[in-house]
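Thanks for coming. I'll take a few minutes to walk through one model, starting with a term and then moving to the fold and the side chains.

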Amino acid sequence: MAVLVTGANGFIAKYIVNDLLNEGYDVIGVVRSQAKADHLVKQFGGNPRLVVEVVHDITVMDAFDFVFHRHAKDIEIILHCASPLPSEGNDYEKTHLVPAVNGTLSILEAAKKYGAHTVKHVVCLLYTSPSPRDMRR
């Protein structure tokens, strides 16, 4: 059994990956670049139970398809910790909310398409940075 952790190099997700590995789980971590993948592998000492995949843009509807194509038979749990990096602008919905929703839909669609018979649990840790309006308070 493997746990798929999106945003595996994030602040909270690194603690989750660490705990999962310490408990003996196989972990498939998803990050946005090869440099981040290399750093994560190094951070966990090349642990053989950690596999890291790169998904450059999680908001694309088929972004996670290749990850599931490779690992669907092993994935039983999905911990969706990734949130798209916000872009510049004052339109909070456009720069934060819509990309976060699309990223979540992308992982759920891939799970439905490739992991319908193996995935037993999905946990979404959804968070975004504060809106510019909230930061002025």
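A helix here is a DSSP run of H or I with at least four residues, a strand is a run of E with at least two, and both are numbered from the N terminus. With that in place, histidine 71 lies in helix α3. I'll come back to that residue. One thing to say now is that this is a predicted model.

Let me start with the overall layout. The protein chain has five helices and five strands. Going along the sequence, the pattern reads β-α-β-α-β-α-β-α-β-α. Of the 137 residues in the protein chain, 41% are buried. If you take the contacts between residues at least 6 apart in sequence, 65% of them join residues at least 24 apart. The exposed area of the chain is about 8,000 Å², and 55% of that is supplied by carbon and sulfur atoms.

Now the sheet. In what order do the five strands of the open sheet come? The order is β3-β2-β1-β4-β5, and the pairing is parallel. That leaves β3, residues 50-54, and β5, residues 121-124, as the edge strands, each pairing on one side only. From one strand to the next, the twist averages 20 degrees.

At the β5 edge, β4, which covers residues 75-80, pairs with β5 in the parallel sense over four bridges. To pick out one position, leucine 79 has valine 123 in β5 as its bridge partner.

On to the helices against the sheet. Helix α1, residues 11-22, packs on the sheet and touches β1 (2-6), β2 (26-31), β3 and β4. The direction of α1 makes about 170 degrees with that of β1. Helix α2, residues 34-43, lies across β2 and β3, and runs at about 170 degrees to β3.

Between α1 and β2 there is a loop, and glycine 24 sits in it. Glycine 24 has a relative accessible area of 46%, so this residue is partly exposed. Its C-alpha is 9.9 Å from that of alanine 2, with the two positions 22 residues apart in sequence numbering.

Next, charged pairs. How many salt bridges are there? The count comes to four, and I'll go through three pairs.

Take glutamate 53 and arginine 70: they form a salt bridge, with the closest N and O atoms 2.6 Å apart. This one links distant parts of the chain, since glutamate 53 is in strand β3 and arginine 70 is in helix α3, residues 65-71, a separation of 17 residues. Is glutamate 53 buried or exposed? Its relative accessibility is 7%, so glutamate 53 counts as buried; the cut-off for buried is under 20%.

The second pair is lysine 113 with aspartate 65, where the closest N and O atoms are 2.8 Å apart. Again distant parts of the chain are linked: lysine 113 is in helix α4, residues 92-114, and aspartate 65 is in helix α3, 48 residues apart. The two ends sit in unlike surroundings as far as accessibility goes: lysine 113 is exposed because its relative accessibility is 52%, while aspartate 65, at 12%, counts as buried.

The third pair is local. Lysine 112 and glutamate 109 meet in a salt bridge at 3.9 Å, N to O. Both lie in helix α4, three residues apart, which is about one turn of the helix. Lysine 112 is at 56% relative accessibility and therefore exposed, and glutamate 109 is at 33% and therefore partly exposed.

Back to histidine 71, as promised. At 12% relative accessibility, histidine 71 counts as buried. Leaving out residues up to four places away in sequence, histidine 71 touches Ile28, Val51 and Glu53. Glu53 is the residue that forms the salt bridge with arginine 70.

Last item, the surface. Which residues form the nonpolar patch? They are Met61, Leu97, Val101, Leu105, Leu108 and Val122, with about 470 Å² of accessible area together. Helix α4 gives the largest share of the patch, four residues. Methionine 61 comes from the loop between β3 and α3, and at 42% relative accessibility methionine 61 counts as partly exposed.

That's what I have. Questions are welcome.

Terms used
Residues are numbered from 1 along each chain as its sequence is written. This is a predicted model: local features need pLDDT of at least 70, side-chain atom pairs count only at pLDDT 80 or more; totals for chains, interfaces and linings use all residues. Side-chain values use heavy atoms; hydrogens and water are left out. Two strands pair if DSSP finds at least two bridges between them. Axes are lines fitted to C-alpha atoms, for helices over the stretch in contact, and angles run from 0 to 180 degrees between N-to-C directions. Contact means heavy atoms within 4.5 Å. A salt bridge is a side-chain nitrogen of Lys or Arg within 4 Å of a carboxyl oxygen of Asp or Glu. Buried means under 20% relative accessible area, exposed over 50%, partly exposed in between (1.4 Å probe, protein chains only). Patches are made of residues with over 30% relative accessible area and no salt bridge: like charges are joined within 9 Å, nonpolar side chains (Val, Leu, Ile, Met, Phe, Trp, Tyr) within 5 Å. Accessible areas come from the Shrake-Rupley method with a 1.4 Å probe; for residues, only the protein chains shown count as cover.
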